[in-house]
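Work through the exercises below with the sequence and the structure at hand. Try each task before reading its solution.

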Amino acid sequence: MSTLPDIDGYKSVAFSQATITELMIPSYSNFGGKIHGGILLSLMDKVAYVCAAKHAGNYCVTASIDTVDFLQPVEVGELVSLMASVNYVGNTSLVVGIRVISENIKNHSVKHTNTSYFTMVAKDEFNKPAKVPGLVLENREQVRRFIEARRRKEIKQSYMKEVEQIQMPDNYEHCIAMLQGERCLVAG
């Protein structure tokens, strides 16, 4: 638990940490016998909400998800634990870091299946963005996570500006030339 009391207008990381553990059942599997990525995404969204809403003291919505890389497959019969904590807060938004592990209960092996970052926005009773409490950082790990989340936010903003600049050339012949060496056929 937190070593510092909550300061007015601020909450510790530990205050809102959340873990969800669920047994992976056959109806969650795909044709290959592995757990659907969508099932895992749904569970990640759920634990992100729990963590964000507890910190914010308000309803929260998912604004974006930064990378979901499935590092290891999850098998039917394994226990999946999703551990969430607030890594960063802005004025009305929070970044929730989620670590997902899967445990084989027969042989007790544990594997890290993915880490993801959900940006959540707090909403008030009128569905308007609501100010969130600040974050009390109590150790080097929490400071590192806060700074990394802020840096990811800066990189994402820069990336979005670059994406806005992407435009298809007006010259159709130039477009066709740009496709040289690509694995596509232009049929028309």
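**Exercise 1: Salt bridges in a helix**

Searching the whole structure gives eight salt bridges, a salt bridge being a side-chain nitrogen of Lys or Arg within 4 Å of a carboxyl oxygen of Asp or Glu. The model is a predicted one, in which local features need pLDDT of at least 70 and side-chain atom pairs count only at pLDDT 80 or more, while totals for chains, interfaces and linings use all residues. Residues are numbered from 1 along each chain as its sequence is written, and side-chain values use heavy atoms, with hydrogens and water left out.

Task: Find which residues are joined into one network by salt bridges that share partners.

Solution.

Step 1. Recall the principle: side chains of opposite charge can pair when their charged atoms come close.

Step 2. Take Arg 145 and Glu 141, whose closest N and O atoms are 3.3 Å apart in a salt bridge. About one helical turn separates them, because they are four residues apart in helix H3. Helices (H or I, at least four residues) and strands (E, at least two) are DSSP runs, numbered from the N terminus.

Step 3. Take Glu 148 and Arg 144, which form a salt bridge with an N to O distance of 2.7 Å. Both residues belong to helix H3 and are four residues apart, about one turn.

Step 4. Check Glu 154 and Arg 151, which form a salt bridge at 3.3 Å, N to O. These two are three residues apart in helix H3, so about one helical turn separates them.

Step 5. Glu 141, Arg 144, Arg 145 and Glu 148 are joined into one network by salt bridges that share partners.

**Exercise 2: Aromatic pairs**

Task: State how many aromatic pairs there are and classify each one.

Solution.

Step 1. Apply the rule: rings of Phe, Tyr and Trp (its six-membered ring) pair if their centres lie within 6.5 Å; planes under 30 degrees apart count as stacked, over 60 as edge-to-face and the rest as tilted.

Step 2. This rule yields two aromatic pairs. Tyr 49 and Tyr 59 make a tilted pair, with 5.9 Å between centres and 55 degrees between planes. This pair links distant parts of the chain, since Tyr 49 is in helix H2 (residues 37-56) and Tyr 59 is in strand E3 (residues 59-66), ten residues apart.

Step 3. Look at accessibility, where buried means under 20% relative accessible area, exposed over 50%, and partly exposed in between (1.4 Å probe, protein chains only). Tyr 49 has 32%, so it is partly exposed. Tyr 59 has 48%, so it is partly exposed.

Step 4. Tyr 88 and Phe 146 also make a tilted pair, 4.7 Å centre to centre with 45 degrees between the planes. Tyr 88 in strand E4 (residues 79-89) and Phe 146 in helix H3 (residues 140-164) are 58 residues apart, and this pair too links distant parts of the chain. Both Tyr 88 and Phe 146 are buried.

**Exercise 3: The span of helix H2**

Task: Compare the expected span of H2 with the distance between its end C-alpha atoms.

Solution.

Step 1. The expected span of a helix is 1.5 Å times one less than its number of residues.

Step 2. H2 has 20 residues, so the expected span is 28 Å. Its end C-alpha atoms are 28 Å apart, which agrees.

Step 3. Now list buried residues of H2; among them are Leu 40, Leu 43, Met 44 and Val 47.

Step 4. Just after H2, Gly 57 has a positive phi of about 70 degrees.
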